[in-house]
Amino acid sequence: MLAVRKLRNFVGLFAGLMLVLSCGAHTIMGWDAVRSQLSKTNAGPELVKGIMLSWMFGGMAMLVMGAITVLLFGARIRGQAVSLEPTRVISIGYVVFALWVAFSSDFDPFFLVFLAPAVLLGLASRD
């Protein structure tokens, strides 16, 4: 049982690192792609600015959730007793969002990128 718990802790840490790294991809590369597409429209500067700020907020939220996850599983790996309730909430939120995006995008496989860390985190957060 100890080996399973140890494995879950490392899976949780990995999922947290995935969230942190996806924040960078989302914020930098994702925004460049969105901005490029917006430049081909007649979207006004205020609209573009509003979309950019919302996009950056999403990236910051991903970073914060990833940091919380890394900190909690890092503490567990070091032998500290910490609650995994926050990581369960993050996992559920990501799963719900992934399902909503899947339905909203006519099941575009690209959006599975949200499901992978959510499922890993959910599995790792079980006690």
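**Figure 1. Accessible surface and overall build of the protein chain in a predicted model.** The accessible surface of the protein chain amounts to about 8,100 Å², and carbon and sulfur atoms account for 75% of this area. Of the 127 residues in the chain, 27% count as buried. The C-alpha trace spans about 60 × 25 × 20 Å along its principal axes. The chain contains 4 helices and 0 strands, and its elements follow the order α-α-α-α from the N terminus. Where residues at least 6 apart in sequence are in contact, 73% of the contacts join residues at least 24 apart.

**Figure 2. Crossing of helices H2 and H3.** H2 covers residues 45-77 and H3 covers residues 85-104. The two helix axes come within 10 Å of each other and cross at roughly 140°. H2 is therefore oblique to H3, since only angles over 145 degrees count as roughly antiparallel. The crossing of H2 past H3 is left-handed. On the H2 side, the contact is made by Met62, Met65, Ile68, Thr69, Leu72 and Phe73. On the H3 side, Pro86, Thr87, Ile90 and Tyr94 take part. By residue class, the contact of H2 with H3 consists of 8 nonpolar residues, 2 polar residues and no charged ones.

**Figure 3. Surroundings of Thr69 in helix H2.** Thr69 is one of the H2 residues in the contact with H3. Is Thr69 buried or exposed? Its relative accessibility is 0%, so Thr69 counts as buried, the cut-off for buried being under 20%. Leaving aside residues up to four places away in sequence, Thr69 touches Gly12, Gly16, Leu19, Thr87, Ile90 and Leu121. Among these neighbours, Thr87 and Ile90 belong to the H3 side of the helix contact, and Leu121 falls within helix H4 (115-124).

**Figure 4. Leu112 in the loop between H3 and H4.** Leu112 lies in the loop that links H3 to helix H4, residues 115-124. Which state does its accessible area give Leu112? With a relative accessible area of 52%, Leu112 is exposed, because the cut-off for exposed is over 50%. Leu112 is 10 residues from Ala102 in sequence, and the two are 7.7 Å apart in space, C-alpha to C-alpha. Ala102 itself falls within H3, residues 85-104.

Definitions and conventions: Residues numbered from 1 in each chain as written. Predicted model: local features only at pLDDT ≥ 70, side-chain atom pairs only at ≥ 80, totals over all residues. Heavy atoms only, no water. Axes fitted to C-alpha atoms, helices over the stretch in contact; angles between N-to-C directions. Parallel < 35°, antiparallel > 145°, perpendicular 65-115°, else oblique. Left-handed = near helix turned anticlockwise from the far one by under 90°. Contact = heavy atoms within 4.5 Å. Nonpolar A, V, L, I, M, F, W, Y, C, P; charged D, E, K, R; others polar. Buried < 20%, exposed > 50% of the residue type's maximum accessible area, 1.4 Å probe, protein only. Areas by Shrake-Rupley, 256 points an atom, 1.4 Å probe, with all protein chains shown as cover.
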